Structures are given as structure tokens and as C-alpha cells.
Amino acid sequence: VHFPDVERVEWLNKVLVQAWPYFGTIMEKTFKEVLEPKIRAKNVHLKTCTFTKIHFGEKCPRINGIKAYTKEIDRRQVILDLQICYIGDCEIHMDISKFNLGVKGIQLYGTLRVILEPLLTDAPFIGAVTLFFMQKPHLEINWAGMSNLLDVPGINVISDSLIQDFIAARLVLPNRITVPLKKNMNIAHLRFPVPHGVVRVHLLEAENLVQKDSFLGAIRGKSDPYALLRVGTVQYRSKTVSRDLNPIWNETFEFVVHEVPGQDLEVDLYDEDPDKDDFMGSLLISLVDVMNDGTVDEWFPLSKTTSGHLHLKLEWLSLVNDQERLYEDKKGLSTAVLIVYLDNAFNLPKNHFEYSNGECGAKKIKNNKYLKKMEREPSSFVLLTVGNKTQKSKTCNFSKDPTWGQAFTFFVHSAHSQSLHVEIKDKDRDSTLGTSVVCLSHLLKDPNMTLDQRFQLDHSSSDSFIKMKLVLRALNIEELDPQRVKAGVNALKQGPVRVMEKGGNQQNFVSPPKPEVSKVPPVSKDSGALESLPKKDSREDLDANDSSAAPVPSETVAGLNETEREQNPEHHPLPALHTRAAVVPTLPVVQELRLAPSVASLGSLPSSCFELSSSNLDLHNGTEMPLGEIQLTVRYASIRQSLVVLVNGCRNLVPSSNRGVDPYVRIYLLPDRRWASRKKTSVKKKTLNPQYDEKFEFFESLEDVKKRTLDIAVKNSRPFISQERKELGKVRIDLSQEDLIKGFAQW
């Protein structure tokens, strides 16, 4: 897939190729003169460590593309995303006492973000460079030397994953490497910026998931689906719903978002099995669009699978310095975020016997070996706890004044009553070197809700301190401008998932005999709107549900419904499935819809009608009268390289017999008339106004699609031996005449 905003930089790759031998020479010198002494100082057993061979090889890293951000960010910075690929033939060997250990080849690829900030008016014009990977990079290492041990499959995987975790702990968000280019540059705020916000994900339900369980390889059973949700390095797993292809979870997860644009929400569905869990589909949602929309409540089609939709409600919470927002949430959701910048500690005791509550306790220890171990400086790490969540810092070896330089974030439910518990532990002896408890209510006394100071350590020496900066920020759902369409019209304009189709595309038809809302399962427990709609048309019922509830089926784009309700208080949503009068959106909304067309957003644009023609049909009266109308939404999805056809519904069909008709819709992309490539909706029983809301995709390039014609027929599902006419009407659409990137929706 070609992304036009990612630029190829062949000139930079040529520079890298030319400079690589010189870089290799510098690195060989660094390994010998800097790294080797550091490794030897780490441990007694590493004193004999020697690099016997250091060769960085002929193959240099390659940059496949660069994406530059300049518009949607601060004026004083430039952000670059580098797609790095390194398939190296480097060789590094080292001897430790009698063992030989080495690396012979590395593969690494991932997206490295480079931030140049702040931009200055004097040389060197850039204050500092910050580097980090957005997600864990893919890493493979070919081990040499102790091959018999490290090439054992289990150990090989462990060693690779340990090194990946080591890299992630230093180079993957929220961790950053910041290199100052200007002297006396304060880089603390660049290394640990306040996060952009929090995304709250309500995992509601799924439908029509693929069957994965099989019995004796033949009879398919129902699957046991669960979801994995990921933003950056943070991953949550939902509960497993047993034997259900339409599972209902109703679970809520919260993620801190550090970089926008850049970070995405990834959702993978799996079928839980005793041996290996089967993949059931995935979803990728751009968080910059969720941030712009505020709240998105939609059914999303799953990709990398044949069927299935997932219902998510996404809320963007910005971080604000406002104590009035720090109420306690009755549902147990977070109301604030605590950011802890862990800096350093001073004068840690060598061991927990040396000091007890600040008083020297003389301990007689007989074992000399143990005494030597006690006299060593401690190797310390920190455990930070808020509520039931504990996070661990890296370990600083052999120092009584360790510097960690790390940032941690915690979700806070009640800032008035919760506390931060800090415990410094010695890695070698697993003993506590000091503790501290900070009540979050202390932060509320400061107008900026910030504490930056040294804290006295308890159960430690009298002059032992830990230096931290604590920042508390309230979570705030922003009230968006009512002129904005906010139910996800813009939510998925880039990335593999674009459309909102279930729950949002229900159309209004001219008084059908039985008002039925097809294919909308009950949403979450707090939005009973959908269940009440088919039964009664009471306006009070609709108004009682706030605009963040599930999309109301009386409008194509749920956001338009809300927009209208906000713009014209007297104009209530129409009763479900009744006439479409006065639902044409106001002009600003239509213009905004055109900026970010999606299958969902175009469904309500005023447009002409497709009439089902009778020219090819053997009609009893032989006239050219129209046979009813069909509503279609057609758009080309560039990211997925597919033509998306949404069959919304039909109205005013002409019955072919007295016993009624059971209509369905059949689609060909001409000239391909193969049975295998035809698409077909479900059958609706005994109705002349069927409602389908079913999506079909044809995976073809845009150039090919432009040469094709859509052949759409509405047919009557009849018994095999029946004499009734099968075809109810037909439409042909010449795609060469249409703007498919923008898309269209018409009756």
C-alpha cells in the first residue's frame, strides 16, 4: 500500500552506505575503550571480559521511508517517523573466563520517532534530539560461540525476548533517549513530557464472529472469544465468553496516550483453546481521530478475517489542571492521572541492619563472607504503588546515591483519599532500604497540583532522601462544539478500519408494515435506547438518552442525529423507521462530511435515486414503471485496496405473487460473473421494504475498479419448484463515472 505522506529517502540511504565503515570503526573503539571497562566493573565474574572480535559488517541499516509532521504539532518542534530496517552481518565475540559468547548477525525493524525540539534562533538551531520507538521493534539475533546452549529453541527465544524487553525498557514509549545539542539545556521536560491524554475503551460486544472450534476436524462448534487490547507496550485482556459467536463483554479499559499523532489502539480477538488460541480478527484505530472526535460509539468491521464486527465506545479524556474535576466516580472509573518522575536517592544505607528507623543498630555477624557482602554498596530498585497497581524501576548497581531518571503513570480513583507508596529495595539481598508514603491530598494544596522535592525516607538512615516530582492531572471529557459531527464521522479516516456500519446505518423507510430494527443487538446496559425504539415512538424516551448513548437507528450517521438535536432543540429525532422528512443535515455538517467521507458519513447526503429498472424483466403488465428503489453506499477504501459496497435497504418493491416476497440482493462486479465471486445479502421474509445494512468488499485496485460495472439485482427467494418470478428489479452502476474515493450514497 502506498502512503503518499511517507517519503522515500534514497539519498539518505546512499549517505549511510558510504559512512557505514567509518561508523563501524568508531563503534569498535567505543566497545573496547568504553564498554569493556564498564562490563568489567559490573561484577566480580566479569573481570576477565574481553572483546576478541568486533566487526560491524558490510550491510548497513536502511530507512524505508520518512514521515514528517509539521502542521499538527507545536511550532517549535519537528517530528520525523523513520521506518528502519537492519538486516546486519555484524560479528561481535567476547571471552568471559573460559566461555566464548558472540553475535553473528542481527535483524531489527520498527518505526523510530525522532523529535527535534526546541527550535532555536541561534546555532545549533535545535536544542535537543529525542528518540524512541512507537511500538516494540522486531528483533532477531543469531548467537555464536556457546551455540550448543543458546541455540536450544527455548533458551534462544528467552534470550531474544530478554533483549527485546531490555530495549523496550529504554527505547519504547513512554521511555525516551534525549540528547542535548546546546550547552546547559534543561532536558527533563523533554524526556518526561506530560502525556497527551487518556483513551477509555468500552469493549461492549461483537457479532457474527468466525467459528474456530472444530470437533474431529469436521463439526464446527462455537468459539470462546476474548479480546487483547493494546496501546504501545500496555496490553489488557478481556474475560473469555464461552461458546458464543455474538459475545457481550461490557468491560472498560483505560490507556495513557503519550504520543498523538502516532499511537494506535490495537484490538485482536482470539478463540481460547486448551492448546493454541485461534486468531479471529483484528482492528486498528487511529487515536488522533478519537481525540478529534471526543467520543466514538460504533460497530467496527474486523480485518484479517471473513466476518465479524466489534462494538466499541471510545472516549478521549484530556489532562487538565482543575481540582473541581477531581470528584469520585461512582462507577469506579478513574478521575485523575498521577505522573511520578523518579529522579534519584541520597545516602542509602548499605543494608537494612545498618539502620533501623534511623537509629544505628550494632549487629554482630560471625560469617566474614556475609560481612563482605553487607559492606558493599547496595544495588537498588524502587517499587511504586498506588491502589492495587505496583510499578518497578530499573536497578542501579552498587551505589548509595542511585539515579534512576524514569517516569511512571498511575490512574487515580480518589485523589482525596489515595496515597503513593514508595519502597526502595536491594536487589542482591531482597531487603528494604527505605520507604515513603505521600498522600495525594498534599498535591491538592498546590495550585498546579505538583510537588517537586526531596522526601525523607522512613525505616532508613536519618539523612536518606528520595527526590521525586509528582504531577496530578484531572481527566476531562471535553464538550465538543455542537457544529462538529462527533459520533465518529472522522473517527477512522485512515488506517485499515473506516466504516461504521451496524447500529449507525439504519435508514428510515416509508411506513413499512412491521417496524423492525434489523441486526442491532442490545448495546450496553446503560443505553436502552435501541430496545425501546421499535416498541414505542415516544419522544421522551429518546430525549432521556444522552448523546453519548448507542447510535439511534433513525439516522444514517449517529453523529448527525446528535448534531441536529443540539442545533435545533425543538427538532427531535424522528420515530424509528418512519418517513425521512426534514432529516437533511444543515450545510456546515454536509461540508464537514465531505472532508472525511466514509461509508457511514455519506449515507445521509441529499442525492438522487436509483430506481430498479424493469427493462430486462418479464413483467405481467409489460410497462416501464419503476419497481421500487434500493439504497446503496459505495466507496473505494484506499488503505485496504478494496471497493466497499453497503446495501442499506429497499423500499416500495413490487410483489411478484399474492403470497408475498422474501427479497435478497445479489451483486456482481462485471464483467466477472463467476458464481464464486458473487455477493449476496441475507433473505428478509415477507416484506416489500427490506432493510439489510450489509457490507461487501471487492479487493481490486482503483484502476481496475474504474473499468468495472456494478450489477445489482433484487431477487425473490422462492421454493425450487415454484413458478413465481425470481427477479424483482435490477440496477447497473458504471463505476468509471463516479468519484469513488469520495464515495456516494443514493436511493
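A residue counts as buried when its relative accessible area is under 20%. In this predicted model, Phe31 has a relative accessible area of 14% and is therefore buried; Phe56, with 11%, is buried as well. The ring centres of Phe31 and Phe56 lie 5.9 Å apart with the planes at 80°, so the two form an edge-to-face pair. Phe31 belongs to helix 1, whereas Phe56 sits in the loop between strand 2 (50–55) and strand 3 (62–69), so the contact ties together parts 25 residues apart in sequence.

Helix 1 takes part in another aromatic pair, in which its Trp20 meets Tyr86 of strand 4, 66 residues apart. That pair is tilted, with 6.1 Å from centre to centre and 55° between the planes, and both Trp20 and Tyr86 are buried. Together with Phe23 and Phe51, the residues Trp20, Phe31, Phe56 and Tyr86 make up one aromatic cluster. Rings also meet charges in this model: Arg651 lies over the face of Trp747, 3.7 Å from the ring centre, and the charged end of Lys679 sits over the ring of Phe698, at 5.2 Å from its centre.

Turning to the strands, an open antiparallel sheet of 4 strands follows the order 23-22-25-26. Strand 23 (389–392) and strand 26 (431–439) each have a single partner, so one side of each is left without a neighbour in the sheet. Strands 22 and 23 are joined by 4 bridges, and Leu383 stands opposite Lys392 in strand 23.

The largest nonpolar core holds 33 residues, with Leu338, Leu384 and Leu470 among those having the most contacts inside it. Strand 22, strand 25 and strand 26 are among the strands that each supply at least two residues of this core. A second, separate core of 32 residues includes Val201 and Val257.

Key
Residues numbered from 1 in each chain as written. Predicted model: local features only at pLDDT ≥ 70, side-chain atom pairs only at ≥ 80, totals over all residues. Heavy atoms only, no water. Pairing = 2+ DSSP bridges. Core = buried A, V, L, I, M, F, W, Y, C linked by side-chain atoms within 4.5 Å. Buried < 20%, exposed > 50% of the residue type's maximum accessible area, 1.4 Å probe, protein only. Phe/Tyr/Trp six-rings, centres within 6.5 Å; stacked < 30°, edge-to-face > 60°. Lys NZ or Arg CZ within 6 Å of the ring centre and 35° of its normal.
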